[in-house]
Amino acid sequence: MMTAEERARILREAKPNSWIAFSSDESKVVGCGSTYSEAVQDAEKHGEEDPLLIKIPDTWEPRVFSHCV
Amino acid sequence: MGAQGFQSLRVTYKSFPFRNPGVPEQTLIWRPILSVQIIHNHAASKRFEAVLDIGSDYCLFDANIGASIGMKIVDGPEGPLGGIIPGSRGKVYYHKTKLVVGTEILEIKAGFSWDITTNVLGHFGFFEHFTVTLQSAFEPPCFELQRIHRH
């Protein structure tokens, strides 16, 4: 498991509007791609069958997640 | 966690970059995040992060995740999506799916959209199944999840 600061740095440096894949133990980045599927394929190419996928937003500005339908 | 599911689970918040000119001293933010999976028919997605959002009515997932396991996203009933700031609205397509939280597998109805920037766990499908206690004052913050079992 990486530190909070290291995780934030990785996310900050990732390409906006992309996906990254962490290793199963969340200790390192094992894949990335412009889509979910690309990131999964990249992770599998690097030998990780159980990656954790994270969507990188276009900006790290404040967000309000709540919504109503 | 055992084969019967977990009774209680403590999860540490996860860190994210934060950029707000109004609060320049803050460059890192903690958010309550769970790693979950969805299952459609017999296909399971990879694990992905979703934010716990008590203000969200439904669980919302990136449509690409659903499509990757064979869901015909636009075949689902369509609904609008709006936030607290009036303006742009997105499209959401609703589907029955299975949500995997730890060892628990829940049958839920969730929204799938190409217009969201973050996967969200909301009231229907998530908070109706768990008691969630946020410990935001802890360092690092954490939350405790307890499954609600209805008989």
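These questions and answers cover a predicted model and the way its chains A and B meet.

Trainee: How many residues of chain A are in contact with chain B, and how many of chain B with chain A?

Mentor: Contact here takes heavy atoms within 4.5 Å. Both sides of the pairing are counted. Chain A brings 32 residues, and chain B brings 38.

Trainee: How much area do chain A and chain B bury between them?

Mentor: The size of an interface is often given as the accessible area lost when the parts come together. Of the area buried here, 55% is on carbon and sulfur atoms. The amount that chain A and chain B bury is about 3,200 Å².

Trainee: How many salt bridges are there between chain A and chain B?

Mentor: Start with the whole structure: a search over all chains finds 10 salt bridges. One between the two chains joins the side chains of E44(A) and K46(B), at 3.2 Å from N to O. The count between chain A and chain B is 5.

Trainee: Which element of chain A gives the most to the side that touches chain B?

Mentor: α1 (4-13), α2 (36-45) and β3 (52-56) of chain A each supply at least two residues to that side. The top contribution is 6 residues. It comes from α1(A).

Trainee: How many residues on the side of chain A that touches chain B are nonpolar?

Mentor: That side divides into three classes. Its charged residues number 10, and its polar ones 5. The nonpolar count is 17.

Trainee: Why does the pair R7(A) and E49(B) join two chains?

Mentor: Their side chains meet in a salt bridge, 2.8 Å from N to O. R7(A) lies in helix α1 of chain A, while E49(B) lies in strand β6 of chain B, so the pair links two chains. Those chains are A and B.

Trainee: Which residue of β6(B) stands opposite L53(A)?

Mentor: β3(A) and strand β6 (residues 47-52) of chain B run parallel, joined by 2 bridges. L53(A) has a partner across from it in β6(B). That partner is F48(B).

Trainee: What is the radius of gyration of chain B?

Mentor: Chain B has 1 helix and 13 strands. Along the sequence, its pattern is β-β-β-β-β-β-β-α-β-β-β-β-β-β. The globule rule gives 15 Å for 151 residues, and the chain's own value is close to that, so chain B is as compact as a globular protein of that length. Its radius of gyration is 16 Å.

Terms used
Residues numbered from 1 in each chain as written. Chains lettered and ligands numbered in written order. Predicted model: local features only at pLDDT ≥ 70, side-chain atom pairs only at ≥ 80, totals over all residues. Heavy atoms only, no water. Buried area = accessible area lost by both parts, 1.4 Å probe. Salt bridge = Lys/Arg side-chain N within 4 Å of Asp/Glu carboxyl O. Helix = DSSP H or I, 4+ residues; strand = E, 2+ residues; numbered from the N terminus. Nonpolar A, V, L, I, M, F, W, Y, C, P; charged D, E, K, R; others polar. Pairing = 2+ DSSP bridges. Rg over C-alpha atoms; globule rule 2.2 N^0.38 Å.
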